[in-house]
Each structure stands twice: as structure tokens, then as C-alpha cells.
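Notebook open, structure loaded. I'm jotting down what I look up as I go.

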Amino acid sequence: MALTSLLISSCLLFLAASPALASNSEGEALCAFKSRLSDPNNVLQSWDQSLVNPCTWFHVTCDSQNRVIRLDLGNSNITGALGPELGRLQNLQYLELYRNNFVGKIPEELGNLKSLVSMDLYENQLEGEIPKSLSKLKSLRFMRLNNNKITGSIPRELVKLSNLKVLDFSNNDLCGTIPVDGPFSTFPPERYELLTICTTGALTLYIFTILSNISLYIFSFENNKRLNGPELLGLASYDFGC
Ligand SMILES: *[C@@H]1O[C@H](CO)[C@@H](O)[C@H](O)[C@H]1NC(C)=O
């Protein structure tokens, strides 16, 4: 009996200690990310893995349980690739990596960030396709991938992102057609004020901004030379032009 309760209490102790372990593993993930970056402005100088957790590091924000919820590295002159370890920041809500020189592909592991509200990767040098796994980001409201070198078609799976309010894919090299279901269908041009549609041969500019009662929705696909416009309006198949 005594042994059983001793075992139970040590298990409870272990469970109580696990948030700290989680924070440490997040610190390790961030250090793995840092290790492949070039950081001429030393914005990552405070990222010291010997600390108990990453919560005192600059550009990292934690919640009251020391779990990383924000990564703010916009405009930091950083060069390098995004890595799979970013997918280990289980509670991340804001991934702000805009206006740097990030290269390579968007890791499919970013689809593991179940709490992500904002993914701002705009104005980098990212290439490759938009991973289908990003359709798992059920909390996502802002998805800005504009001004990169992203190719391929817009994954139709993204129609599952029912909370999307702002999506900017402009200034990339996307092809095919724009999905019209899910969040994409909440804003059919015929039902709302369409501020801008500009077509020159292939659709090159397709922006609509809708003011509903409280929210501003912006979906932008402009300047993707091989993108063919919304599925409904197109007579072509989904990946036509890819
Ligand atoms: C960005 O980093 C480069 C070195 O890679 C440096 O020459 C340049 O001055 C930096 N730019 C800014 C705005 O700090």
C-alpha cells in the first residue's frame, strides 16, 4: 500500500515537472532553428540554451505556463532556412518571420502548430510549394506568404481553414485556380462589394476587401502570373496552368 502511494506521488511529481521539460524542449527547438541561421545584426544574441526555458529571450514570448506563444523576428535581417523543429513549438500562436532573407521551403511540420493564429512569412525568399499540411492550422486567422518565390497550385485543402480572415499570396509564382469553398467561399464577389478585380489576359490581380459588421477580410492573389482566377469563373480544371 505504502509503495503504491509512493509510486503515485512520484508520478504526480513527474507530471508537475513536465511543463518545465516542455519549455526546455522548446528552447532546444529554437536553438536548433538558430543554429542554421545567419544573424549579422545579432538579434538572437540572448538565445542562451543554458537557461531553464526560452521565456527571457528577446523576440520570444511565453504564456503563464512558460510555453512559447510568440516568435517575433520580423525585419531582422536574418538569412537561412526554416526547419522542421519550428513544428515543435506546440503552443505557438504568432509566427512572425516577415521581411528577412529566409530561403528554402516552408516546412510541412508547421502544420503541427495547432494553436497558430498568425503565420507571417511575407517578404522573404521562400520557394517550393505551400504544404498541404497547413490545412491542419484550424485556429489560423492571418496567413501572409506574399512576396516570396512560392510555386505550385494553392492546396485545395486550405478550404478547411474556417477562421481565415486575411490571406495574402500575392507576388509569388503560383499557378492553377483559386479555390472557392470554405473561407474562400464566404466572400463570393457577387454578394459583396468587390473593390478591385483587374484582369489582363490571365488574371493577375484579384483582391477583394469586404467589410462585414466587425471584421475586415482581405484575400489577395495579385501578381502570380500563372494563376487563373477563381474556380467558379474559370472553365478550366483546378490545376490548369500548373
Ligand atoms: C544586413 O546584413 C548585412 C550582412 O549580411 C549587412 O551588410 C547589412 O548592413 C545589414 N542590414 C541592416 C539593415 O542591418
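In which sense do β1 and β4 pair, and over how many bridges? I checked: β1 and β4 (residues 79–81) run antiparallel, with two bridges between them. Across that pairing, leucine 37 sits opposite glycine 80 of β4. Note to self: this is a predicted model.

**Overall tally.** I counted up the secondary structure of the protein chain and got one helix and 16 strands. The chain has 242 residues, and 31% of them are buried. I also pulled the contacts between residues at least 6 apart in sequence: 52% of those join residues at least 24 apart.

**The open sheet.** Next I traced the sheet that β1 belongs to. Seven strands make up this open sheet, and I read the order as β1-β4-β6-β8-β10-β12-β16, with mixed pairing. Its edges are β1 (37–38) and β16 (226–230), each of which pairs on one side only. A reminder I keep for this sort of entry: strands of a sheet pair through backbone hydrogen bonds, parallel or antiparallel.

**β2, β3 and β5.** Then I went to β3 (residues 68–72) and looked for its partners. With β2 (residues 60–62), β3 pairs in the antiparallel sense over three bridges. The two form a hairpin with five residues between them. In that turn I found asparagine 66 with a positive phi of about 60°. β3 also pairs with β5 (residues 94–96), this time in the parallel sense, again over three bridges.

Which residue of β3 is the bridge partner of threonine 61? That turned out to be arginine 70. Arginine 70 also stands opposite tyrosine 94 in β5, so I have this residue noted under both pairings.

**The core.** Last, I looked up the largest nonpolar core, which has 44 residues. Leu92, Leu116, Leu121, Leu140 and Leu145 have the most contacts inside this core. Which elements each supply at least two of its residues? I listed α1 (2–35), β3 and β12 (173–178). α1 gives the most, with three residues. The core also takes at least three residues from each of domain 1 (17–145) and domain 2 (174–242).

I picked leucine 121 for a closer look and skipped its neighbours within four places in sequence. What is leucine 121 in contact with, then? My list reads Leu97, Tyr98, Phe102, Ile106, Leu126, Arg144, Leu145 and Asn148. Leu145 from that list is also one of the residues with the most contacts inside the core.

Note on methods:
Residues are numbered from 1 along each chain as its sequence is written. This is a predicted model: local features need pLDDT of at least 70, side-chain atom pairs count only at pLDDT 80 or more; totals for chains, interfaces and linings use all residues. Helices (H or I, at least four residues) and strands (E, at least two) are DSSP runs, numbered from the N terminus. A nonpolar core is a set of buried Ala, Val, Leu, Ile, Met, Phe, Trp, Tyr and Cys residues joined through C-beta atoms within 7 Å. A residue is buried if 20 or more other C-beta atoms lie within 10 Å of its own, exposed if 12 or fewer, and partly exposed in between; C-beta atoms are placed from the backbone. Domain bounds come from an automatic or database domain assignment. Two residues are in contact if their C-beta atoms, placed from the backbone, lie within 7 Å.
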